[in-house]
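Visitor: Hi, I'm new to reading structures. Can you walk me through this one?

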Amino acid sequence: MMHLLAYIMWNPSVEAFHIGSFAFRWYSLCWLVGLFLAYMVVKQLFKEQKIKDELFDPLFVYCFIGILIGSRLGHCIFYQPDYFLTSWKGFIEMLLPIHIDIYGDWHLTGYQGLASHGGTLGLMIALWLYVRKTGVGFWRVLDNIAIATGTTACMIRLGNLMNSEIIGKVTDVPWAFVFEHVDLQPRHPAQLYEAMAYALLFVLMWALYKKSEDQSPKSTVYSQIPTVGTGFYFGLGLTYIFTFRFFIEQFKEVQEAFEQDMTFDMGQLLSVPFVILGVWCMVRGWKKSQKLSKS
């Protein structure tokens, strides 16, 4: 056991604080902070792009509902269909944040199980509905949301870290974490890898956006950075996140038993369509920016 002292012992409480008898969990807190950061970023983007203030607040509602429903359904359908889709009890727990015990009594648990792939799809559907309702340009909305996405994704993975979930594989790297809630094996802090990658994505996106706003109208076609509204930023976000997600799965333990014998796990398989869509959007956005720079 002495060799474990060389690693980071990780055993935080899943509860951040209490208000009376109600416990506020770290995961929920990270979700809220992530959404707040994205809210502030997109609000600033709307302001800079002179989009009417009354069109902003509905966007937040659409995004929140779309991400929550998509994330929940994505986890239940892709990762645990044998539990959630085979009984009335599982179906109810899929829709409501409760657990029904063997006696038929229910307990409020929150949504335990959210999938980023489902959340992304739910967000895209929600944004499509928002655009139909408000008339704001579809690609402009997608690009603005994509610029802010890294902040929320980063905080969600930090929430996973606090929950000691989505853990990495056993390793002997000096920065390994020992998740005491799980076992006493030193493991890759895969949640931290993802959190740092998504924070870097936000920095990259913000820098590109500001540079695109400041560039000279006389820039050549090949030096022109695509502006918001071309779909380039949305494509870059998808390509970056899900390409990284595909490779980071190599450092993670599988989430469900059925993935044990798969060459590529469910997270990797679900990432491929998003990468393809992302590359298409980037190419489309780049071509559109070239046409705009010529006109």
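Guide: Happy to. A bit of vocabulary comes first: Ala, Val, Leu, Ile, Met, Phe, Trp, Tyr, Cys and Pro count as nonpolar, Asp, Glu, Lys and Arg as charged, and the others, Gly among them, as polar. Also keep in mind that this is a predicted model.

Visitor: OK, so how do the residues lining the second largest pocket divide up into nonpolar, polar and charged?

Guide: That lining has 11 nonpolar residues, 5 polar ones and no charged ones.

Visitor: Which residues are closest to the centre of that pocket?

Guide: The second largest pocket holds about 300 Å³ of space. It has 16 lining residues, and Gly66, Ile69, Gly70, Gly122 and Ile125 are the closest to its centre.

Visitor: And which helix gives the largest share of the lining?

Guide: Helix 2 does, with 10 residues. Helix 2 (56-78) and helix 5 (116-134) each supply at least two residues of that lining.

Visitor: Switching topic: which residues touch the most other members in the largest nonpolar core?

Guide: The core has 45 residues, and the ones touching the most other members are Leu59, Leu127, Val141, Ile145, Ile147 and Tyr233. Several helices each supply at least two residues of this core, including helix 1 (26-48), helix 6 (138-162) and helix 7 (190-214). Helix 6 gives the largest share, 10 residues.

Visitor: What about rings? How many aromatic pairs are there?

Guide: The count comes to 18 aromatic pairs. One of them is Tyr83 with Phe84, an edge-to-face pair with 4.9 Å from centre to centre and 85° between the planes.

Visitor: Are those two buried or exposed?

Guide: They split. Phe84 is at 4% relative accessibility, so it counts as buried. Tyr83 is at 31%, so it counts as partly exposed.

Visitor: Got another pair? What are the distance and angle for Phe246 and Phe264?

Guide: Their ring centres are 5.6 Å apart and the planes sit at 40°, so this pair is tilted. Phe246 is in helix 8 (residues 232-248) and Phe264 is in the loop between helix 8 and helix 9 (266-294), so the pair ties together parts that are 18 residues apart in sequence. Phe264 is partly exposed, with a relative accessible area of 39%.

Visitor: Which residues form an aromatic cluster?

Guide: Tyr39, Phe46, Phe56 and Phe60 form one.

Visitor: Back to helix 8 for a sec. Is Gly237 buried or exposed?

Guide: Gly237, which lies in helix 8, is buried, with a relative accessible area of 6%. Its C-alpha atom is 7.6 Å from that of Leu201, and the two residues are 36 apart along the chain.

Visitor: Now the strands. How do strand 2 and strand 3 run?

Guide: They run antiparallel, and 4 bridges join strand 2 (residues 15-19) to strand 3 (residues 22-25). One of the bridge partnerships is Ile19 with Phe22. The two strands make a hairpin with 2 residues between them, and Gly20 in the turn has a positive phi of about 65°.

Visitor: What's the strand order in the open sheet?

Guide: The order is 1-6-7 in a sheet of 3 strands, with mixed pairing. Strand 1 (8-10) and strand 7 (186-187) are the edge strands, each pairing on one side only.

Visitor: And how many bridges join strand 6 to strand 7?

Guide: There are 2 bridges between strand 6 (residues 177-179) and strand 7, and those strands run antiparallel. Val178 has Pro186 in strand 7 as its bridge partner.

Note on methods
Residues numbered from 1 in each chain as written. Predicted model: local features only at pLDDT ≥ 70, side-chain atom pairs only at ≥ 80, totals over all residues. Heavy atoms only, no water. Phe/Tyr/Trp six-rings, centres within 6.5 Å; stacked < 30°, edge-to-face > 60°. Buried < 20%, exposed > 50% of the residue type's maximum accessible area, 1.4 Å probe, protein only. Pairing = 2+ DSSP bridges. 1 Å grid on protein atoms, 1.4 Å probe; cavity = no way out; pocket = protein on both sides within 12 Å on 5 of 7 lines; lining within 4 Å. Points joined across faces, edges and corners; volume = space filled by probe spheres on them. Core = buried A, V, L, I, M, F, W, Y, C linked by side-chain atoms within 4.5 Å.
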